[in-house]
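Dear colleague,

I am handing over the structure below, and my notes on what was found in it follow underneath. Please read them with the model open beside you.

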Amino acid sequence: MHHLRIAEGSTMPQSQPVLPANRAFVVQFRTPPTGIPGAYEGRVEHLVSGQEARFSSLEELLAFMRRILAAVQEQMGAG
């Protein structure tokens, strides 16, 4: 793991973080059933809003994430 070191007395630019928290998710995968390669099931949670969904395919997982990220982008544009 890499650690960022900041020299004493230096200042960090006050810009948006590279990885903002409103775009963070936790994804938990179930153990795939034996003999079914590529089976993806589990749950996903958006950290800031607490919205969560269960998914039974990568397409469902990505659809949830796209929907949340579109709403985040819309809020940023309105703010």
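Please keep in mind throughout that this is a predicted model. I begin with a single pair of residues and work outwards from there.

Val-27 has Val-44 in β2 as its bridge partner, and this pair belongs to a wider contact in which strand β1 (residues 25–29) and β2 run antiparallel and are joined by 5 bridges. On the way from β1 to β2 the chain passes through a loop that contains Pro-32, a residue that counts as partly exposed because its relative accessibility is 47%. The C-alpha atom of Pro-32 lies 9.7 Å from that of Gly-42, although the two residues are 10 apart along the chain.

β2 also pairs with strand β3 (residues 52–55), again in the antiparallel sense, over 4 bridges. Within this pairing Val-44 stands opposite Ala-53, while Glu-45 faces Glu-52. The hairpin of β2 and β3 has 5 residues between its strands, and there Gly-50 adopts a positive phi near 80°.

Taken together, the 3 strands form an open antiparallel sheet in the order β1-β2-β3, with β1 and β3 as the edge strands, each pairing on one side only. From one strand to the next the twist averages 15°. Helix α1 (residues 58–78) packs on this sheet and touches β1, β2 and β3, its direction making about 170° with that of β1.

As for strand β2 (residues 42–46), 4 of its 5 residues are buried, so this strand is largely enclosed by the rest of the structure.

With best wishes

Technical notes:
Residues are numbered from 1 along each chain as its sequence is written. This is a predicted model: local features need pLDDT of at least 70, side-chain atom pairs count only at pLDDT 80 or more; totals for chains, interfaces and linings use all residues. Side-chain values use heavy atoms; hydrogens and water are left out. Buried means under 20% relative accessible area, exposed over 50%, partly exposed in between (1.4 Å probe, protein chains only). Helices (H or I, at least four residues) and strands (E, at least two) are DSSP runs, numbered from the N terminus. Two strands pair if DSSP finds at least two bridges between them. Axes are lines fitted to C-alpha atoms, for helices over the stretch in contact, and angles run from 0 to 180 degrees between N-to-C directions. Contact means heavy atoms within 4.5 Å.
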